[in-house]
Amino acid sequence: YKNIIMDCDPGHDDAVALILAGAKISPLNILAVTTVAGNQSVDKNTINALNVLDIMNRGDIPVSTGATRPLIKEASFAESIHGESGLDGPTLPKVPTLKASSKHGVSVIIDEVQQSTQPVTLVATGPLTNIAMALIQEPSIVNNIKEIVIMGGGTFGNWTPTAEFNIWVDAEAARRVFESGIPIIVFGLDVTHQLLADDQVIHRFSQINNKVSNLVVDLLKFFKSTYKEQFDMDGGPIHDACTILYLLKPEIFNLQHTHIQIEDSSPLTYGTMSVDLLNTYHKEPNAHFATSVNTELAWNLIEDTLKSYN
Ligand code: BDR
Ligand code: CA
């Protein structure tokens with residue numbers, strides 16, 4: 001079993017990531033779920049995490065609320081993609097049955113990492129505010145962090161022409177994380193856009209017909225509709241799920257060890273990830289950047305995992 005902390009802003013694709021990680025057949029041990037302001041306000045993201053865990057029957061996983069806004073900037077949300085609740089589509093309780101812990105998400109990250117008997121993998125599928133704050137507050141945690149698996153960035157953008165949402169929301173935080181020296185694995189838009197949940201995928205998952213797979217189907221339908229509206233694409237990319245697919249089956253991805261930097265001062269390119277794929281700077285690589293995925297194996301893995309909720 002691998003100890004992980006999931007720092008997220010659920011979010012349709014964050015929810016899929018939680019569902020894959022928390023399945024009975026998953027070898028991942030989720031020490032905690034921490035939420036961050038991103039797709040919606042941090043309080044809405046916490047409600048969504050609790051509702052998803054409840055449907056998964058995983059009320060044993062503690063949920064903590066983290067940062068209410070980025071380090072420097074004001075908060076801004078992705079309502080155009082995830083709706084007013086942050087998880088529009090399925091009908092979910094406004095007041096979840098499960099309760100969040102009263103401990104702050106940043107303290108949870110610090111304490112769980114310090115207490116873990118084995119190095120912890122941090123999975124980050126929202127803006128990197130909580131993780132940057134944890135590193136600022138308690139730098140010694142780097143010694144017990146195995147790696148950070150991040151959904152964010154890429155060589156093109158979805159929030160500006162060059163910046164991806166998670167990095168753009170808090171580029172100051174992202175820069176600190178990429179400069180931390182911790183091993184980083186990045187799933188950016190280059191790879192996540194290879195996994196589009198189109199009608200065919202949605203139809204395939206609708207055949208499974210259990211509580212969790214039906215939730216995923218409702219999520220993917222809504223996600224598909226906003227991706228059509230905003231980007232004229234025929235399916236929502238299941239971005240965040242790539243982090244967990246990688247932890248479950250790393251061999252389905254191609255990765256390139258490369259040097260990555262985050263722009264946090266230019267007005268035009270704020271939040272842009274500079275990925276040195278051709279090694280133009282001849283700098284020591286600081287990240288593994290995913291370039292492609294075996295889509296057939298990825299969808300099979302998701303299907304099998306959803307079936308395990310029967
Ligand atoms: C990322 O932004 C959010 O909308 C998604 O949940 C994902 O983490 C994609 O750019
Ligand atoms: Ca997310």
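## Calcium site, ligand 1 and selected residues

Aspartate 14 has a relative accessible area of 1% and therefore counts as buried, the cut-off being under 20%. The model described here is predicted, and every value below was computed from its atoms.

**The calcium ion**

The calcium ion (ligand 2) has protein donors at distances of 2.2 to 2.6 Å. Aspartate 14 is listed twice among these donors, each time through OD. Asp9 and Asp240 also donate through OD, whereas Thr125 contributes its O atom. Along the chain, the donors follow the spacing D-x4-D-x110-T-x114-D. Within this set, aspartate 14 and aspartate 240 link distant parts of the chain, with their positions 226 residues apart. Aspartate 14 belongs to helix α1 (residues 12–21), and aspartate 240 is in the loop between β8 (236–237) and α11 (241–248). Is aspartate 240 buried or exposed? At a relative accessible area of 2%, aspartate 240 is buried, because the value is under 20%.

**Ligand 1**

Which residues surround ligand 1? They are Asp13, Asp14, Asn39, His82, Thr125, Met151, Asn158, Glu164, Phe165, Asn166, His239 and Asp240. Helices α1 and α6 (165–169) each supply at least two residues of this shell. Asp14, Thr125 and Asp240 appear in the list around ligand 1, and these residues are also among the donors of the calcium ion.

Each of these three residues has a polar atom placed against an oxygen atom of ligand 1. For aspartate 14, an N or O atom of the side chain is 3.0 Å from a ligand oxygen. Threonine 125 uses a polar backbone atom, at 3.1 Å from an oxygen of ligand 1. In aspartate 240, a polar side-chain atom lies 2.6 Å from an oxygen of ligand 1. Taken on its own, ligand 1 has 280 Å² of accessible area, of which the protein covers 98%. The space that ligand 1 takes is the largest cavity.

Histidine 239, another residue around ligand 1, has a side-chain polar contact of 2.7 Å with threonine 192. Threonine 192 is part of helix α8 (residues 189–192). The relative accessibility of threonine 192 is 0%, so this residue counts as buried.

**Backbone geometry**

Most peptide bonds are trans, and most residues other than glycine have a negative phi. The peptide bond between proline 10 and glycine 11 is cis, with omega at about -5°. Glycine 11 sits in the loop between β1 (2–8) and α1.

Two residues that are not glycine have a positive phi. Aspartate 232 has a phi of about 55° and is located in the loop between α10 and β8. Histidine 282 has a phi of about 50°, and its place is the loop between β11 (273–275) and β12 (287–293). The relative accessible area is 57% for aspartate 232 and 65% for histidine 282; each counts as exposed because the value is over 50%.

**Other positions**

Lysine 211 is found in helix α10 (residues 211–231). Its C-alpha atom is 26 Å from that of tyrosine 1, which is 210 residues away along the chain.

Glycine 154 occupies the loop between β5 (145–151) and α6. Between the C-alpha atoms of glycine 154 and alanine 132 the separation is 20 Å, for 22 residues along the chain.

Aspartate 111 lies in helix α4 (residues 105–115). Its side chain makes a polar contact of 2.6 Å with the side chain of lysine 103. Aspartate 111 and glutamate 138 are 27 residues apart in sequence, and their C-alpha atoms are 9.7 Å apart.

The accessibility of these three residues is tabulated here.

| Residue | Relative accessible area | Class |
|---|---|---|
| Lysine 211 | 61% | exposed |
| Glycine 154 | 1% | buried |
| Aspartate 111 | 23% | partly exposed |

Why does aspartate 111 count as partly exposed? Its 23% falls between the 20% under which a residue is buried and the 50% over which a residue is exposed.

Definitions and conventions
Residues are numbered from 1 along each chain as its sequence is written. Chains are lettered from A and ligands numbered from 1 in the order in which they are written. This is a predicted model: local features need pLDDT of at least 70, side-chain atom pairs count only at pLDDT 80 or more; totals for chains, interfaces and linings use all residues. Side-chain values use heavy atoms; hydrogens and water are left out. Donors are N, O and S atoms within 2.8 Å of the metal (3.2 Å for Na, K and Ca); water is not among the atoms, so sites may look incomplete. Helices (H or I, at least four residues) and strands (E, at least two) are DSSP runs, numbered from the N terminus. Buried means under 20% relative accessible area, exposed over 50%, partly exposed in between (1.4 Å probe, protein chains only). A residue is near a molecule or strand if one of its heavy atoms lies within 4 Å of it. A polar contact is a pair of N or O atoms within 3.5 Å; within protein, one must be able to donate a hydrogen and the other to accept it, and residues adjacent in sequence count only if both atoms are side-chain atoms. Accessible areas come from the Shrake-Rupley method with a 1.4 Å probe; for residues, only the protein chains shown count as cover. On a 1 Å grid over the protein atoms alone, a cavity is a set of points where a 1.4 Å probe fits but cannot get out, and a pocket is an open set with protein on both sides within 12 Å along at least five of seven lines; lining residues have an atom within 4 Å of a point. A molecule sits in a cavity or pocket if more than half of its atoms lie within 2 Å of its grid points.
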